[in-house]
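Thank you all for coming. I would like to walk you through one structure today, going slowly for those who have not seen it before.

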Amino acid sequence: MLVQSLVFLIESLGQLWILTALLRFFAQAFRAPFRARAGNPIADFVMALTDWAVVPTRRVFPSLFRLDTASFIVAWVAMALLNLAVMLMVGSVALSSPSFWSGLVAFAFVGILKASVYLFIGLMIIQAILSWVSPYHPMKPFFDTLTRPLLRPVQRFLPLIGGIDLSPLLVILLLQVLLIAPLPWLSQEAIRLMRWIGG
């Protein structure tokens, strides 16, 4: 029971930190208004949590194709370390096997994909709520910019129904499909590669 509680705590805090690093990556990738100390409290929060890891990493991995490579790599490494810590706590791992480390990297990448899906589901929900109840909220442009790349293709063929935009709902459903079908299969393949034996 104590181990399970500790695993839950570590996973929850670790996933939260990874989500902030991914938010930093996607905000830069989609050119969202994301300047700390400029009226964006989310930016202040994310910068405060991730600067200590992202800034030094950026010296080794500079931006590539105008993407904040350092933020993505930091999130990926953090996911791998989080998964390794949990595995060591709840089961046995074949650390001496070369395939374990390649599987761990692959498993962490799938974890990053899952975390990104959950992140965008949350962003879609917030964006939809702001659109309905507070369309002039000062944070709305931030969420609009982050969700627009996913909403725009759907809005091209899904017209307004009774003056209501249902594209966020459809996008959320499509993201849920990713969590149900391909991503769990990829996770299982990575686990098989690691040959991890759970406790």
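Let me begin with a single residue: in which helix does Ser-187 lie? Ser-187 belongs to helix H7, which covers residues 182–194, and I should say at once that what we are looking at is a predicted model. Is Ser-187 buried or exposed? With a relative accessible area of 6%, Ser-187 counts as buried, because the cut-off for that word is under 20%. If we leave aside residues up to four places away in sequence, Ser-187 touches Phe-107, Val-110 and Lys-114.

From there, let us turn to the nonpolar interior. The largest nonpolar core has 55 residues, and the members that touch the most other members are Ile-18, Leu-22, Phe-142 and Leu-146. Two or more residues of this core come from each of H1, H2, H3, H4, helix H5 (140–155), H6 and H7, and H4 gives the largest share, 14 residues. To take one of those central names, Ile-18 is in contact with Ala-75, Ala-78, Met-79, Leu-82 and Ile-112, again not counting residues up to four places away in sequence.

Now for the outside. A nonpolar surface patch of about 880 Å² is formed by Ile-125, Ile-129, Trp-132, Val-133, Ile-161, Ile-164, Leu-166, Leu-169 and Leu-173. Which helices each supply at least two residues of the nonpolar patch? They are helix H4, running over 98–133, and helix H6, running over 167–180; H4 provides the largest share of the patch, with 4 residues, while Leu-169 is one of the patch residues and is found in helix H6.

Finally, I want to point out two residues in loops whose backbone angles deserve a look. Arg-31, in the loop between helix H1 (2–29) and helix H2 (41–60), has a positive phi of about 60 degrees although it is not a glycine. Phe-65, which sits in the loop between H2 and helix H3 (69–90), is likewise a residue other than glycine with a positive phi, near 55 degrees. As for their surroundings, Arg-31 has a relative accessible area of 39% and is therefore partly exposed, as this value falls between the 20% and 50% cut-offs, whereas Phe-65, at 72% relative accessibility, counts as exposed because that is over 50%.

That is where I will stop, and I am happy to go back to any part of the picture.

How values were computed
Residues numbered from 1 in each chain as written. Predicted model: local features only at pLDDT ≥ 70, side-chain atom pairs only at ≥ 80, totals over all residues. Heavy atoms only, no water. Buried < 20%, exposed > 50% of the residue type's maximum accessible area, 1.4 Å probe, protein only. Contact = heavy atoms within 4.5 Å. Patch = residues over 30% accessible without salt bridge, like charges linked within 9 Å, V, L, I, M, F, W, Y side chains within 5 Å. Areas by Shrake-Rupley, 256 points an atom, 1.4 Å probe, with all protein chains shown as cover. Salt bridge = Lys/Arg side-chain N within 4 Å of Asp/Glu carboxyl O. Core = buried A, V, L, I, M, F, W, Y, C linked by side-chain atoms within 4.5 Å.
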